[in-house]
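Let's take a walk through one protein model, stopping at a strand, a single residue and a helix. Have the picture open as you read.

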Amino acid sequence: MERIGNEGPPFNKGLRGGARRAVRVSPQALVSEGYLEPGRSLPLVLRPAVEGLDLAAWAGANRDEVERRLLEHGAILFRGFDVKSPAQFERFMQAASGGALEYGERSSPRSRVGGNIYTSTDYPPDRAIFLHNEQSYNSTFPLRIVFHCRTPAAGGGETPIADTRKIFARLPREIVERFREKRYTYVRNFGDGFGLSWQTAFQTNERGEVEDYCRRNDIRFQWKDGGRLRTSQVRRAAARHPRTNEAVWFNHLTFFHVSTLDRDVREALLAQFAEEDLPNNTLYGDGTPVEPAVMDELRAAYLREKVSFRWERGDVLMLDNMLASHGREPYEGERSVLVGMAESLSWESVGEV
């Protein structure tokens with residue numbers, strides 16, 4: 001049962017149809033704030049407390065306060081604001097975070113809806129998508145990722161989230177130290193009939209452009225027979241958030257490891273490919289395998305912190321991509337959830353733990 005509590009008047013700008021100016025609303029504020037369940041502060045839930053409140057206008061007028069709340073909680077669920085269209089969602093992205101980014105160096109299939117707004121991952125509905133931080137394997141990644149529910153699934157289809165600060169704190173120190181020293185390697189193989197083609201992943205048909213991109217982004221590459229491609233990149237598994245200085249577990253290490261796949265999918269892939277030829281896999285940064293017990297610890301830490309909630313039509317969920325990981329639960333029926341990414345950040349600008 002959803003409960004909204006701790007209501008107060010922190011935001012008072014952004015009425016639909018008016019200029020962005022201070023508006024005194026007493027004793028009721030323009031938004032109420034609270035949580036989905038008592039004692040759970042992820043996500044913070046904001047609802048309109050007055051009729052006719054335009055989310056994009058309100059978010060633009062209160063951007064600094066939204067930022068403060070987001071850095072505190074890691075995730076904000078905007079519920080009841082009557083966001084109906086991709087255009088409205090894109091307006092919110094522009095107002096709240098400076099506009100949506102193009103989806104580059106792709107690892108999952110998505111369809112562009114308009115501008116830089118995309119469908120969430122086009123993945124079989126009967127499969128779960130494990131928790132991860134968007135594009136953390138890239139040399140640059142979005143600091144913000146925002147979801148908009150146009151059509152909630154008839155059953156399932158939640159977008160679970162987890163606080164990466166708490167995940168980091170749960171992990172045994174020896175595991176954190178091992179990855180601090182070794183980092184991890186993400187290996188991709190393109191052109192073997194599974195996953196995205198390199199043409200889709202890099203959005204080009206020219207090998208030279210792929211090679212230039214890889215050199216600029218610290219990615220090793222190897223062309224194989226038949227136009228197939230193998231890439232590998234070494235990345236950090238943890239970082240310090242650039243605005244809060246908190247230690248976060250920020251990576252795709254667990255998500256892309258072969259052992260995280262559903263058993264039937266994993267067995268089918270391993271029956272067809274040697275481990276070095278898998279479509280996606282992760283290793284220690286020195287190329288040695290990550291021990292099964294370590295992978296079990298990593299998955300357990302995510303799952304202990306996982307928070308799920310039912311989507312409602314019109315919901316907008318804004319995440320700080322470094323403070324909150326996200327995934328997707330299996331679902332039944334039609335489901336439409338859009339996504340936009342914003343505020344590009346480079347690994348070079350992020351402090352080490």
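## A covered strand

We can start with strand 12, residues 228-235, which is mostly covered: six of its eight residues are buried. Keep in mind that this is a predicted model.

Strand 12 has partners to look at. Strand 10 (residues 184-190) runs antiparallel to strand 12, and seven bridges join the two. One spot to find is Tyr-186, whose bridge partner in strand 12 is Gln-233. Strand 11 (residues 220-224) is also antiparallel to strand 12, this time with five bridges. Here, Phe-221 has Thr-231 in strand 12 as its bridge partner. Strands 11 and 12 make a hairpin with three residues between them, and Gly-226 in that turn has a positive phi of about 75°.

## One residue: Ser-346

Now hop over to Ser-346, which sits in strand 19 (residues 336-346). Is Ser-346 buried or exposed? Neither label quite fits: Ser-346 has 23% relative accessibility, so it counts as partly exposed. Buried would need a value under 20%, and exposed a value over 50%.

What does Ser-346 touch, once neighbours within four places in sequence are left aside? The answer is Ser-139, Thr-140 and Phe-141. Try Leu-143 too: Ser-346 and Leu-143 are 203 residues apart in sequence, yet their C-alpha atoms are 9.4 Å apart in space.

## Helix 3, checked with a ruler

Helix 3 covers residues 86-97, and its 12 residues should span 16 Å at 1.5 Å a residue. The end C-alpha atoms are 16 Å apart, so the expected span and the model agree. Just after the helix comes Gly-98, with a positive phi of about 85°.

Several residues of helix 3 are buried: Phe-89, Phe-92, Met-93, Ala-95, Ala-96 and Ser-97. Phe-92 is worth clicking on. Not counting residues up to four places away in sequence, Phe-92 touches Leu-55, Ala-56, Ala-59, Phe-78, Ser-97, Val-146, Val-316 and Met-318.

## Two cores

In soluble globular proteins, nonpolar side chains tend to be buried together. The largest nonpolar core in this model has 29 residues, and those with the most contacts inside it include Trp-58, Phe-89 and Phe-92. Among the elements that each supply at least two residues of this core are helix 1 (55-61), strand 16 (316-320) and strand 19. Which element gives the largest share? That is helix 3, with five residues.

There is also a second, separate core of 25 residues, which includes Ala-162, Ile-167, Phe-179 and Val-294.

Terms used:
Residues numbered from 1 in each chain as written. Predicted model: local features only at pLDDT ≥ 70, side-chain atom pairs only at ≥ 80, totals over all residues. Heavy atoms only, no water. Buried < 20%, exposed > 50% of the residue type's maximum accessible area, 1.4 Å probe, protein only. Helix = DSSP H or I, 4+ residues; strand = E, 2+ residues; numbered from the N terminus. Pairing = 2+ DSSP bridges. Contact = heavy atoms within 4.5 Å. Expected span 1.5 Å × (residues − 1). Core = buried A, V, L, I, M, F, W, Y, C linked by side-chain atoms within 4.5 Å.
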